[in-house]
Amino acid sequence: MKKSFKLFTVTTLFIASLVSLQAKEVELDRVAAIVNSGVVLESDVKALIKSIKLQSERNNQELPSDKAIRTQVMDKLINDALVLQIGERMGVQVSDAQLDETLANMAKDNKLTLEQFRESLVADEVNYENYRESVRTELISGEVRRASVRRRIYISPQEVQNLLDLMQEQTSNDIEYNLGHILIAFPAEPTQKDMTAAQVRADKVIELLNGGSDFTKIAIASSGDSTALSGGDLGWKNINEMPTLFSELVANQEKGAVLGPIRTGLGFSIIKIIDIRGREVVEIEEVKARHILITPSIILSEAKAESMLQGFLTDISAGEADFAELAKEHSDGPTSVRGGDLGWADPRSYDPAFKDMLASLKVGEYSKPFRSSFGWHITQLQERRTLDATKQINENKAYQMLFNRKFGAESSRWMKETRDEAFVEVFDLGDK
């Protein structure tokens, strides 16, 4: 009797659960767009829109219509999907350790611990795991863009020298501009009618901005540039880092000036000088050091590696051993043949633990055994010097300026080509 009652109860509960499932409709996530073999989900669209609105509210910033925001969000998510598909084919990955380091740096930039950063997101009703994965997506996207666009850019030594000559002539080189950019984009293969219509729209935007309209709001609503969702913010740039057409507009202009429209191959650009700041002074310090590295293994334990190095220190201090000879005989890594000599280097190029140890030493002093990501070390700081690296720094800076100048335009072209070659179908889900 008990057995049959138990069976009856289980059967009843099972039937009741089926009825409950049938009675209650469960809405599944919907597809907002098909992108080649992948999709953009409606939940991702809503999550990004929510994030933008939250950021806008926090900054007391007025936004354009929901339709305009959704259009920009869809463009971003479709582009992200395409870039991630390329990244998957390229084998680009971001490990959990790299992701955690990035999040920790983001928290540090906000003067928070990682836990406090996570709690602040949760307090804003942001799903932390989803946010974490969105950061991973941005890191992969950035790496794919850099790898794909970098090989399309060539900078000749003569270009670098020409820019260096110009930099020396221009006192304005030390002035940086915080620029906003709105691109009234042409469609693919534009007709004369399309270009005329874009010109009319650009003139209207200029009229609105000169009349006091909010630049960020118009950029989010109207710009066809990749910076649209950030309000068209191009960040801080000096004259030489800007595309030539922009630099000609900006030179000698005042803060708040609205400039353009200026026609490019992508459409009509409108620039606003949001802010201006002064000159920058660069100075670097280099250190000369040597080290002995012992790498722990299955055979050699962490404790044994540390103990070996402590023994070396004792022998060196007693005058019974020579640092360079010990390095040649025992040190792991390529510096062993040079007696552990690391030469002159910017300490920021070293592993953080190694950099910090060198910073704590006086010239001529030996460190105690310490652990870095490479293994156990002892090191001696031999010399410090302040290096006048103006020529080298200026050459590197000129190259980077030319690269940045070309990267922005080439990145837009690359993304447009990628988008044109892709199969993309967007579904009009609206507020359903």
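Let's start inside helix 6 of this predicted model: Glu-133 and Arg-136 are 3 residues apart there, which puts about one helical turn between them. The two form a salt bridge, with their closest N and O atoms 2.9 Å apart. Salt bridges come to 26 in total, and aromatic pairs to 6. Here's a quick tour of the charged pairs, the rings and the nonpolar cores.

**Salt bridges**

- Arg-136 also bridges to Asp-96, and there the closest N and O atoms are 2.8 Å apart. That pair links distant parts of the chain, since Asp-96 belongs to helix 4 and Arg-136 to helix 6, 40 residues apart.
- On accessibility, Arg-136 counts as buried at 14%. Its two partners count as partly exposed: Glu-133 at 35% and Asp-96 at 44%.
- Arg-419 pairs with Asp-75, with 3.3 Å between the closest N and O atoms. Arg-419 sits in helix 14 and Asp-75 in helix 3, so this bridge ties together parts that are 344 residues apart in sequence.
- Both ends of that bridge are partly exposed, Arg-419 with a relative accessible area of 24% and Asp-75 with 32%.
- Arg-152, Glu-410, Arg-413 and Glu-417 are joined into one network by salt bridges that share partners.

**Aromatic pairs**

- Phe-186 and Phe-268 have ring centres 5.6 Å apart and planes at 85°; planes over 60 degrees apart count as edge-to-face, so that's what this pair is.
- Phe-186 is in the loop between strand 3 (176-185) and helix 8 (192-210), while Phe-268 is in strand 6 (residues 267-277), so the contact ties together parts 82 residues apart in sequence. Both of these Phe residues are buried.
- Phe-354 and Phe-370 make a tilted pair, at 5.7 Å centre to centre with 55° between the planes. Helix 13 (residues 352-360) holds Phe-354 and strand 9 (residues 370-371) holds Phe-370, so parts 16 residues apart in sequence are tied together here.
- Phe-354 is buried at 4% relative accessibility, and Phe-370 is buried too, at 7%.
- Add Tyr-350 to Phe-354 and Phe-370 and you have one aromatic cluster.

**Charges over rings**

- Arg-277 has its charged end over the ring of Trp-236, 4.0 Å from the ring centre.
- Arg-385 does likewise with Trp-344: its charged end sits over the ring, 3.9 Å from the centre.

**Nonpolar cores**

- The largest nonpolar core has 45 residues, and the members touching the most others are Val-40, Val-45, Ile-69, Val-73, Ile-78, Val-144 and Trp-414.
- Several elements each supply at least two residues of this core, including strand 1 (31-35), helix 2 (42-58), helix 6 (128-150) and helix 14 (390-421). Helix 3 gives the largest share, 9 residues.
- Setting aside neighbours within four places in sequence, Ile-69 is in contact with Ile-49, Ile-52, Lys-53, Leu-63, Pro-64 and Ile-220.
- Another core, of 14 residues, lies apart from the largest one; its members include Phe-186, Met-195, Ala-202 and Phe-215. Phe-186 is also the residue from the edge-to-face pair with Phe-268.

Definitions and conventions:
Residues numbered from 1 in each chain as written. Predicted model: local features only at pLDDT ≥ 70, side-chain atom pairs only at ≥ 80, totals over all residues. Heavy atoms only, no water. Phe/Tyr/Trp six-rings, centres within 6.5 Å; stacked < 30°, edge-to-face > 60°. Helix = DSSP H or I, 4+ residues; strand = E, 2+ residues; numbered from the N terminus. Buried < 20%, exposed > 50% of the residue type's maximum accessible area, 1.4 Å probe, protein only. Lys NZ or Arg CZ within 6 Å of the ring centre and 35° of its normal. Core = buried A, V, L, I, M, F, W, Y, C linked by side-chain atoms within 4.5 Å. Contact = heavy atoms within 4.5 Å. Salt bridge = Lys/Arg side-chain N within 4 Å of Asp/Glu carboxyl O.
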